[in-house]
Amino acid sequence: MTESLLGAAAPAPGALRDWLARVVADPALHARFVNSLARMEYVGVRKMLKARRAEALDLDGLQHLLEEAGHALRLKRAALALNGGAEAGVATFAESDTLAGDAAEAYLQEVDRACEALLAELPAAERAEANYLLSSAAIEVRAQAFYPLYEEVLRAAGGPFSVRAILKDEDRHLAEMRARLAARFGAGAGALLARALEREAAAFARWEAAMAAAAPLTPPRPAGTPR
Ligand SMILES: [Fe+2]
Ligand SMILES: [Fe+2]
């Protein structure tokens with residue numbers, strides 16, 4: 001989530017960093033945001049479980065599933081800790097327990113659909129596995145930009161936990177997806193991923209705008225307040 005990757009919906013350069021700093025400074029808001037991240041990790045697991053047939057699942061595939069489930073659990077526990085150990089407010093992944101959680105899930109669905117469209121020419125039997133590789137790669141590219149920025153903001157604020165271990169897993173997942181895309185699509189893999197990333201950036205801009213709307217950087221001015 002470098003600034004150059006921010007879409008047109010981003011209000012200003014550096015806006016995401018400022019927004020994260022504002023969220024991290026407010027533990028209740030931060031708890032719901034971290035719960036949204038946990039929801040995304042969980043939805044990622046669910047997508048893998050649905051897309052991958054046992055015949056195609058190897059050790060790396062199984063490990064990928066378990067690591068993403070581990071990220072969801074780790075982030076869920078962090079959300080609970082930020083919430084003072086109380087479940088109320090972050091108990092589930094419902095919209096009210098997350099920060100723009102529906103928009104976060106919509107982002108993943110949009111990336112999934114965009115990749116599906118890019119792979120529409122493939123034989124039906126090969127599409128789900130190819131979509132797993134392409135959509136995972138696109139999302140891991142985003143994770144590789146987003147988690148370092150979030151970690152930086154956490155450290156600057158003296159945050160109570162770290163996402164470094166998650167980032168390390170995501171780096172490995174991305175390398176694996178890139179290698180598998182190259183093995184599957186040969187010389188065309190780079191161009192295919194570039195097209196997926198274009199669509200991903202647009203989807204991310206929509207999610208980012210939803211997060212900004214759910215927790216405005218400047219609280220809205222009460223009606224009737226003189227300017
Ligand atoms: Fe993850
Ligand atoms: Fe991952």
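This tour moves from the whole chain to one helix, then to the core and a single loop residue.

**The whole chain**

Begin with the entire chain, bearing in mind that this is a predicted model. Colour it by secondary structure: seven helices and zero strands should appear. Followed from the N terminus, the elements read α-α-α-α-α-α-α. Next, turn the C-alpha trace along its principal axes, where it spans about 60 × 35 × 30 Å. The radius of gyration is 18 Å, which agrees with the value near 17 Å for a compact globule, because that is what a chain of 227 residues would have. Of those 227 residues, 37% are buried. Contacts also link distant parts of the sequence: among those between residues at least 6 apart, 76% join residues at least 24 apart.

**Helix α5**

Now select residues 124–156, which form helix α5. This helix has 33 residues, and from its first C-alpha to its last it reaches 48 Å, close to the 48 Å expected at 1.5 Å a residue. Where is the kink in α5 centred? Select Ala130: the kink is centred there and amounts to about 30°. Then move past the end of the helix to Gly158, which follows α5 and has a positive phi, near 65°.

**The largest nonpolar core**

Select Val34, Ala79, Cys115, Leu134, Ala137 and Ala138. These residues have the most contacts inside the largest nonpolar core, a set of 52 residues. The elements giving two or more residues to this core are α1 (15–24), α2 (27–51), α3 (59–82), α4 (101–118), α5, α6 (164–185) and α7 (189–214). Which element provides the largest share of the core? It is α5, with 14 residues.

Keep Cys115 selected and display its surroundings. Apart from neighbours within four places in sequence, Cys115 is in contact with Asn131, Leu134, Ser135, Ala138 and Ala196. The spacing of some partners can be read with a general rule in mind. An α-helix has 3.6 residues a turn, so residues three or four places apart point the same way.

**Ala100**

Finally, select Ala100, in the loop between α3 and α4. Its phi is positive, near 55°, although Ala100 is a residue other than glycine. For comparison, most residues other than glycine have a negative phi. Is Ala100 buried or exposed? Ala100 counts as buried because 22 other C-beta atoms lie within 10 Å, and the cut-off for a buried residue is 20 or more.

Notes: Residues numbered from 1 in each chain as written. Chains lettered and ligands numbered in written order. Predicted model: local features only at pLDDT ≥ 70, side-chain atom pairs only at ≥ 80, totals over all residues. Helix = DSSP H or I, 4+ residues; strand = E, 2+ residues; numbered from the N terminus. Expected span 1.5 Å × (residues − 1). Bend = angle between axes of the 7 residues up to and from the residue. Core = buried A, V, L, I, M, F, W, Y, C linked by C-beta atoms within 7 Å. Buried ≥ 20, exposed ≤ 12 C-beta atoms within 10 Å, placed from the backbone. Contact = placed C-beta atoms within 7 Å. Rg over C-alpha atoms; globule rule 2.2 N^0.38 Å.
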